[in-house]
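Q: I am new to this structure and would like a close look at its aromatic rings. Could you walk me through them, and then through what else stands out?

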Amino acid sequence: MPDCEIIGEKFPESVVYLKTMKTRIVSLLSGGVLALAALPSSLPAADAEGFTPIFDGNSLAGWDGNPGFWRVEDGTITGQTTPEKPTPGNTFIIWRGGELDDFELKAEYRIVGGNSGIQYRSFEVPNEKWVVGGYQADFEAGETWSGLNYGERFRGILAKRGEKAVVGENHQPTVTGVLGDAKELQGKIKKEDWNEYHVVAKGYNFKHFINGTQMSELDDEDKEQRRAGGVLALQLHAGDPMKVQFRNIRIKRLPLEAGRKKVVFVAGNPSHGWGSHEHRAGNLLLANALNTNMGDKILAVNYDGGWPKDPTAFDNADAVVMFCDGGGGHMVVPHLAELAPVMARGVGLGCIHYAVEVEKERGGKEFLEWTGGYFETKWSVNPHWEAEFTRFPEHAVTRGVKPFKTNDEWYYHMRFRENMEGVTPILSALPPEGTAKGPDGDHSGNADVRAAVLERK
C-alpha cells in the first residue's frame with residue numbers, strides 16, 4: 001500500500017514527503033518548486049583549524065580581476081600598478097567561489113607602496129567592472145591605516161586601528177573602547193614583508209587581527225545599511241605605483257548567530273527550453289521570499305551552474321535546496337561521498353522536481369537513508385492526473401490546508417524505506433488505473449506499478 005502513497009504539500013507540480021529522523025526534518029519535493037540537498041565540493045580539504053584554501057597557488061582559477069593588473073607570481077596573487085600603467089580608480093580581484101556570511105579568514109600579504117585591503121560581505125558596484133564596496137580590512141605600506149575597518153563606498157572609516165566602535169542608526173561610528181595605542185600596534189606590522197591578516201565576522205561583529213594582534217573591532221547596529229553577506233575581494237588602490245601580494249588565503253565558515261538558520265539553494269545547469277525548468281530562477285524566487293519575509297530568522301544564499309565550486313558552500317548550512325535534472329545526470333551523483341558527512345551533521349536535504357530522481361545503483365541507497373525515499377527509474381512513474389486530497393495528518397506543514405484537488409504531474413510509486421520507517425505521509429491519493437497503463441519505460445509504467453494500483457482498488 002505505501003508504494004502508491006502520494007505525500008506532499010500543495011505546490012505547483014509538486015509531490016512532497018517529510019521524513020523525521022534523529023532530530024531533523026528533511027523535506028523532499030518532487031515535480032515542483034522546493035527542496036533541500038547538501039553537498040560540499042571536491043576542492044582542497046580544511047586544515048586542522050578548519051580553514052579551507054581558496055587560492056591554489058598556481059592560477060587565478062576561481063578569481064576574477066582585470067588581467068592587466070592581476071597575475072600569479074611566485075605562488076601569490078599579485079596586483080601591480082606602474083607609472084606607465086596606473087589604474088584610474090580602485091580595482092579589485094573578486095573570489096567567484098561564493099559569498100561570505102559568518103566566517104573567519106586568514107591570508108598573508110606583502111605590500112610595497114600604496115594602499116590595499118581585503119573586502120568582505122561586499123557588493124559589486126553596478127556598471128563598474130571589478131569595483132566593489134563594503135567592509136574592508138585595510139592595510140598599507142605607510143603607518144596610518146593598517147588594521148582599521150573601512151567602508152569602501154560604504155560609510156567611510158568605521159573603526160580605526162586601536163578602536164572598538166559601534167555604528168548606530170545614524171550610520172556613523174562611535175568609539176566605545178580602546179584596544180591599544182595605534183602607534184604601538186603599528187609596530188607589530190612588518191614593513192614590506194609578509195604579514196598575516198585574520199578577519200572574524202560573526203553576526204554583525206567584526207574583528208581584525210594582524211600577526212595575531214587585534215587591531216580593531218566593530219559592532220554594526222545600523223540595521224538599514226549593515227550587510228549580512230556578500231563577495232570577497234582584494235584591492236589594488238589607485239594613485240602612486242604599488243605592488244601587493246597575497247598567499248595562503250583560507251576561510252572557515254562559522255555557524256550563524258543563535259536563532260538564525262542558513263538555507264543554501266543550488267541550481268543545476270539549464271537543460272530545457274526558455275521558461276521551462278528554470279532552476280536558477282526558481283531558486284532565486286524562493287531565496288528572495290525567505291530573505292524578505294524571514295530575514296531575521298533565515299539567511300538564504302544561492303549557487304548557480306551546478307555543483308558549487310566553493311569548497312565551503314555547505315560548511316555552515318542548516319538546509320540545502322537543490323533544483324536540477326535527475327537520473328544519470330543528477331549533479332549529486334559524483335559527490336555522494338562528499339554529501340555523507342554533511343548529512344551526518346543533520347543538515348536538511350531535499351529536492352525540487354526532477355532532482356528527486358537518482359539512480360538505484362548510484363544514490364538510491366543514500367537517498368533512502370537520508371530522505372526516506374526517491375524516484376526510482378523503471379519503478380516510479382510521473383503521469384499527469386487530477387489528485388484529490390480530503391484528509392491531512394496533524395503536522396506543521398498541514399496547518400491551514402483545506403481539502404483540494406488539482407491536475408498536475410504527480411510522482412508516485414516512489415521507492416520508500418521499508419515499512420515507511422521515519423516517513424510521515426502528508427498528502428495521499430489513489431491514482432486512477434489509467435495512469436499506469438502506458439507502455440513500459442523509465443518513467444511511464446511497469447508491471448509493479450500496475451499491480452500496486454490494482455491492489456489498492
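A: Here is a walk through the aromatic rings, followed by the cysteines and a pocket.

This is a predicted model, in which local features need pLDDT of at least 70 and side-chain atom pairs count only at pLDDT 80 or more, while totals for chains, interfaces and linings use all residues. Residues are numbered from 1 along each chain as its sequence is written, and side-chain values use heavy atoms, with hydrogens and water left out.

Let's begin with the rings. Across the whole structure, a search finds 16 aromatic pairs (rings of Phe, Tyr and Trp, the last by its six-membered ring, with centres within 6.5 Å; planes under 30 degrees apart are stacked, over 60 edge-to-face, the rest tilted). In one of them, Tyr-120 and Tyr-135 have ring centres 5.8 Å apart and planes at 20 degrees, so this pair is stacked. It links distant parts of the chain, as Tyr-120 belongs to strand β9 (residues 115-124) and Tyr-135 to strand β10 (residues 132-140), 15 residues apart (strands, E, of at least two residues are DSSP runs, numbered from the N terminus). Tyr-120 and Tyr-135 are both buried, a word for under 20% relative accessible area, against over 50% for exposed and in between for partly exposed (1.4 Å probe, protein chains only).

Tyr-120 and Tyr-135 also belong to one aromatic cluster with Phe-103, Phe-123, Phe-154 and Phe-206. Phe-154 has a charged partner too: the charged end of Arg-155 sits over its ring, 4.2 Å from the centre (NZ of Lys or CZ of Arg within 6 Å of the ring centre and within 35 degrees of the ring normal). Lys-85 has its charged end over the ring of Phe-69, at 5.7 Å from the centre.

Now for the cysteines. The structure holds 0 disulfides (pairs of cysteine sulfur atoms within 2.5 Å). For Cys-324, the closest cysteine sulfur is in Cys-351, 6.8 Å away, which is too far for a bond. Cys-324 is buried at 2% relative accessibility, and Cys-351 is buried at 0%.

Finally, the lining of the second largest pocket has 13 nonpolar, 8 polar and 12 charged residues (nonpolar: Ala, Val, Leu, Ile, Met, Phe, Trp, Tyr, Cys and Pro; charged: Asp, Glu, Lys and Arg; polar: the others, Gly among them). A pocket here is an open set of points on a 1 Å grid over the protein atoms alone, where a 1.4 Å probe fits, with protein on both sides within 12 Å along at least five of seven lines; lining residues have an atom within 4 Å of a point. Strand β21 gives the most to that lining, with 5 residues.

Conventions. Helix = DSSP H or I, 4+ residues; strand = E, 2+ residues; numbered from the N terminus.
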